[in-house]
Structures are given as C-alpha cells and as structure tokens.
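Trainee: I am new to this structure and would like a close look at a single part of it. Could you take me through the sheet and what packs against it, and then set that beside a few other places?

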Protein chains: 2
Amino acid sequence: MKSLKDIAKALDLSVATVSKALKDYKDVSTATKLRVRAYAKEVNFKPNLHAAYLRSQKTKLIGLILPDLNHYFFNSILASIVEEAEQNEYRVLVFCSKESYENEKQQVLDLVQQNVDGIFLSISKSTYQYDHLEEAKKQKIPLILFDRIAKAINSFRVVIDDKKAAFDATSHLIQQGCKKIAHFRGDLIPQMSIDRFFGYKEALKFHGLEFDENLVYICHDNEVFDGSKHAETLLQKHPDVDGLFAITDLVAIGAMNHFIKKGCRIPQDIAVIGFSNWQIASLVTPALSSVEQNGYQIGKKVMSLFLKTQIKGNQELPFTTEVIPSKLIVRASSRRTKI
Amino acid sequence: MKSLKDIAKALDLSVATVSKALKDYKDVSTATKLRVRAYAKEVNFKPNLHAAYLRSQKTKLIGLILPDLNHYFFNSILASIVEEAEQNEYRVLVFCSKESYENEKQQVLDLVQQNVDGIFLSISKSTYQYDHLEEAKKQKIPLILFDRIAKAINSFRVVIDDKKAAFDATSHLIQQGCKKIAHFRGDLIPQMSIDRFFGYKEALKFHGLEFDENLVYICHDNEVFDGSKHAETLLQKHPDVDGLFAITDLVAIGAMNHFIKKGCRIPQDIAVIGFSNWQIASLVTPALSSVEQNGYQIGKKVMSLFLKTQIKGNQELPFTTEVIPSKLIVRASSRRTKI
DNA sequence: AAACAGAACGAAAATGTTTTCGGTTTGTTT
DNA sequence: AAACAAACCGAAAACATTTTCGTTCTGTTT
C-alpha cells in the first residue's frame, strides 16, 4: 500500500513532483517522469481513490439502484453497467430498493451524501413522490433513470417504447387470426403497465376489434401464479377467448400452464405472447413468443449518457430521452400455421 | 452535502465536538449531544466515507466479485449480500470476472488498492493460480471465498457440499429404478465440477452399479446446447440409457428437449435431474428435479462471517469452512410411479 | 484560600492526493 | 554583465474526518 510519500522518499523527490510526474504535467522533466513511472510500476502503485476524491471531488463511483435483484431483465442491465463501468475506470455501488419507496429514498440520499459521480435508477413500484430525486438534482449529481422512469422528473432517461411494443405484440396476435384477445396487465401505478395497456387498446382499435374491459385482468406481482389465477377465471367467463397478451413472461407462462391443463391447444385455440423475452421463454413448452427488452443495450446507453455528462465539464448537458428499440420474438406459442 | 464543519458553524461548536457528539463520546454533555443529533438528523447528515476512511482506515466498503452476472444462482447470492450489507451499513462494490483469471486478478488487486474492508469472491473457471489472493491476505484484507473456492488458499469459505448433493441426486435416480445413469459433467478445472462427478461415482458404487466412463460427457459452458448436443450422442451410442444427472439445470433442460424430440418419455424412459434449482426448473415440461443451492443462505453466511472478522479487532479469527445444506427437489422429470 | 478533580469543549495533527503559486536554476538575449 | 525567460521543482493549502491532548471552567475538598 505505497503512497506518493513513499515514492517521493525513495526517489528523493517531493510528493508534488511525484504526483505531477504520474499525471504527465508539463513542468516535470522527462527524466524524472521516467524515473517516477518506472518506480511506480515496480511497486504497483495506484493512487488512493478516497484521498484523491477529497481533493478533486471526483469519486469515480456510480450508484446503481434496482427495484429487484432476482429479475432477469434488471440483472442484464446490471451486468452491462458493471462491464461498461469497469472499462471506463468507474466502480459501481449496487443497491436494491426491493420495490420500496422508503428504501429507495434512503439509498438515493445516501449516494448523494457519498458524493457518487452519478446515480442510475429504475424507480420502485411504490414510489409516488420524488423529493429524493430533486435532492440529487439539486446537488448536481447526474441522475439517469431507466426503464421505470418518473414522468414528473426531468432527467436523463433510457427507456423502451412500451406502448409501441405492446401495440406490436397485440397486432401480431391479430395477424395470426385472433379475434378475442385478453390482456393480463400490471398494477395500476407503474408507467410501463399503463403504457403496455394503452398499446394493447390501440392495436385493437387500429385493427377494428372492439375493446372489452372484461377481458382485462390486473396482476399485482407479475408472477406465475398471477397468470394461472387469471387464466382460470378467464376461461370460465369467456371460453371463446383465442388470444392473450400478458405483461410479463412469467404471467404468460402461468396462464399457458393453466390453459394446457384444461386441454386448450396453444396456439391453435389460444395464442399467447409475453413480454421481456427472459431466457425462460425459449425453454418452456410451447416456446413462448415475447417482446425482447434488451437490458444489455439499455445499460450501455445509460453508461454512455453518463460519460457524456462527465467529459463536458461544467457545461450542463440538456436532458434527453433515449428509446431503445424492442423486438418481437415470435415462437410456437403464437405462430399459427397459415390461417 | 453538509459536512461536520457546516454543522459546527451552525451550532457554534467545534468540528471535534460535533464529531464526538455523533459518535457518543463521553466527554460531550448530553445537552449538546442532543442538539447535535437533532440538527444532524434535520439536515440528513451522514459522514463522508472517503474522508472517514483516511483517518480511520475503515472504508465500509465490500468488494464482491462474481464470475457471471447473468446467472440465477449468483444473482441470488448478490441479492442477499447487498441486502445484508445495507443492514450493517456496508456498501457493496460489484465486479464481474466473466470467468477470466486476468479480470479477476486485476479486480482483486484494485480492491486491495482501494482498501476495501473485505473481499467476497467466487473464483472464475479459468483461475489457475492464486497470487492475487495471496496479495489480499498479505494486506490483511479479509477474504471470503464462496461456492467456487480454491483449495490451495487458506481463507474463509462458504460452500455447499457438492459431492454429497451429487451423491443424493444420483441415489435418487437409482431409487427410482434407473440402472444405466449418464452424467453430463462440467469442465475439468472447477472444484464443484469435480466434486459433483465424484458424488455421482460414489453413489453408483454405493448402490452396486458399475461406473462406465462412456456415460460421462464434459460440458464446457454448462448451457442448454451442451445438454442437447451430448444428449444426441448419448442416445446414439447408448439407446438403453435410463437416467441422467446433469451438472446444471440448463444442461438438463437441453438434454430433455432432445430426448423429447426423439420420442423418449420422461421420466419413464429416461429420468432426469439437474442442479441448482433455478426458477426455470419448475416451469419447464416436465418439471425438472433438481438440487437446491440456496444462494440466499450462502450470501447471509458470507456476510455474517465477514462481520465477525470486523468486530474482533485485531485478534485474528481462525479460518473456517461453512457448509450450507442443499436439498433435493423432486419433480416430474424423475418421479416414477411405483416401480 | 489553596488545591484538586472532573466535566465539557477545542486545537491540531494525521490520513493521501491535487493543484496553485512561488522559488531556484539554467540558459539566452541585449 | 545585466536582464530576462524558460524549465524544473517544492511548499503548502485544501478536502472531511478522527482522535489525542490540552485548556478552560465549575464545583468540591482540605
């Protein structure tokens, strides 16, 4: 654990000169620069970040807050951010709000207090106010929201176009010949849940099908049992349903399991499509059609946006909203042989 | 971004007194303690970790290095460590070695240089030497290895008993009536791969079945296609195989897919069991039997071990190896009706 | 009244780095 | 030879905190 002082002593130089030699200041002779660098390499010197921060106010730390860490989509975002950060010599502090506003608030305030260079956040389901985000903005810490954004907060945003993706998914079912399409939607609050619902409605309208609110069911956890539970009710009340657009792959799988148990053929009797294209989608039987949400690309975009805020110095960057394209992945659960 | 100085100025006290009031020193009057704490709470003061470290040499940071971030098991460990850390006022720096020794080495050395209070590591598949770990030990940074440990390195360890778990899984197949059980094993290097292989062999021996190395196939990535690829060869060469113990759930699923395609009935013709009990195991058809590896418990144990090293002060704690029990989860892929 | 004890607080050093500013040396120009 | 510029280096302050060691009071004991 060598310090600049140690190097200075060993080479009979001042701490200042050593520091400047390593940072390639021009008021240090080439000779001493070489001498210093050689020695620094020899003892594997790396500057102490904590001390450096104190002086430069740059922590080289990024705070990442995710709502859930047992979640394929968020994990892929995490993976890409960690990877990108490392390549740019940033380090990532990871937090999990566990879908709780209180946790999220504490974590944001904590990160602000720790002077991280940037905060990357996907807001929790239960976040209904944004004072903590205002605080981060007040402290001039770049705030980048992704996927679960807050429309009321002006910040950098990286999202997918949930409405369009839902529109495409529903349209696909219609093109496969579905006439009576149910939707298992998400909870009322999160924006993506609303957007996907609207995309579903618009697709029906666009293709001249009537919207029937009795075909819409609300999932509270977006888990497998939500799907199977609603599938049961749906089949009882509307045995002639022939298509389902579910808010997540897990919900879709839960529903498929119930349909199959009841003897429905997928996709001939009911065509099903999910959302997110988890790894699992390609492994269930029948393979589940889904909308790909590319977490890897989202993470990359978040990071590149952040890096832009860093190089520009004080010159404030205008907020932007980046839309990552999503893609329909058609598999057996919705691919009907020619109608 | 309040500092001690700000509080001191506001309350007309010295920085020293404020610091001591917050840390409950006994040479501060109760009155001022209350005054300071009330104000600190009001402005949401939290000490700057970087500055605090400089003086106390405690960073309150934990470095966590995982081989893979798109992996259900490691993600559950990550989730529990992040959660436990937060409860104990530690923060987690997350790195991903991507199964590369070079990455892992750089990351460990980096963490050492950053003076993290502890390093939690599951070593990469390609790690064949341990000089970086020795370095961490030399710097007296507690090193806790989990799941993928290095037998050559003396350190704290948290593992599951892979050999016993594999023994149990194989025994279960035998009890279900399997006579000719194949094993799709992992790569040659990682310890867990070896341990599971040995568990398989011992179970055969214990139950009086002959070990046949022609029934063992090596997977290099432990992914779905490993399973389907080997399943194809296996069926061609040994059409009378009636059981398979696969090193991971994904490998097992890949194999099942191929078996089903070829018209084999599972579990009647071939009983299959995987390893790790990913979420996916319960959702495929037929549902996959597996060995539960409780990542959540592993993470908790890692953290509690670490906390012990922190409270004891300088008094060196003896290295221990904690074994987390694993559990057999029997599902349709191996549950045969009475033989 | 002198001496002392104890309570409450502050000054200051230390941690490792960055960066400004000033100083010394060397060489170049009038 | 005087003046000046350029090249090179170091002193020191600053960042926020912790902790040791004094200092100043009050009140109590001889």
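Mentor: What follows starts with the sheet of chain B, then turns to a residue of chain A, and ends with the surfaces near the DNA. Please keep in mind throughout that this is a predicted model.

In chain B, four strands form an open sheet in the order β7-β6-β8-β9, and their pairing is parallel. The strands at the edges are β7 (216-218) and β9 (271-273) of chain B, each of which pairs on one side only. Between neighbouring strands of this sheet the average turn is 15°, if direction is ignored. Strand β8(B), residues 243-246, runs parallel to β9(B) and is joined to β9(B) by three bridges; in one part of this pairing, Gly243(B) has Ala271(B) of β9(B) as its bridge partner. Helix α9(B), residues 191-206, packs on the sheet by touching β6 (181-185) and β8 of chain B, and the direction of α9(B) makes about 175° with that of β6(B). Helix α10(B), residues 224-237, also packs on the sheet, where α10(B) touches β6, β7 and β8 of chain B, and its direction makes about 145° with that of β6(B).

In chain A, a residue worth finding is Trp278(A), which lies in the loop between β9 (271-273) and β10 (290-292) of that chain. Trp278(A) counts as buried because 24 other C-beta atoms lie within 10 Å, where 20 or more are needed for that label. Leaving aside residues up to four places away in sequence, Trp278(A) touches Tyr72(A) and Asp249(A). From Trp278(A) to Ser290(A) there are 12 residues in sequence, and 8.4 Å in space from C-alpha to C-alpha.

The DNA brings both chains into view. Around DNA strand C there are 25 residues, and the closest are Ala16(A), Ala51(A), Ala16(B), Thr17(B) and Leu54(B). Helix α4(A) gives the most to this surface, with five residues, and the residues of the surface near DNA strand C divide into 12 nonpolar, eight polar and five charged. Around DNA strand D there are 25 residues too, of which Ala16(A), Leu54(A), Leu4(B), Ala16(B) and Ala51(B) come nearest. Here the largest share, five residues, comes from α4(B), while α2 and α4 of chain A and α1 (4-11), α2 and α4 of chain B each supply at least two residues. The surface near DNA strand D divides into 12 nonpolar, eight polar and five charged residues.

Methods
Residues numbered from 1 in each chain as written. Chains lettered and ligands numbered in written order. Predicted model: local features only at pLDDT ≥ 70, side-chain atom pairs only at ≥ 80, totals over all residues. Buried ≥ 20, exposed ≤ 12 C-beta atoms within 10 Å, placed from the backbone. Contact = placed C-beta atoms within 7 Å. Near = placed C-beta within 6 Å. Nonpolar A, V, L, I, M, F, W, Y, C, P; charged D, E, K, R; others polar. Pairing = 2+ DSSP bridges. Axes fitted to C-alpha atoms, helices over the stretch in contact; angles between N-to-C directions.
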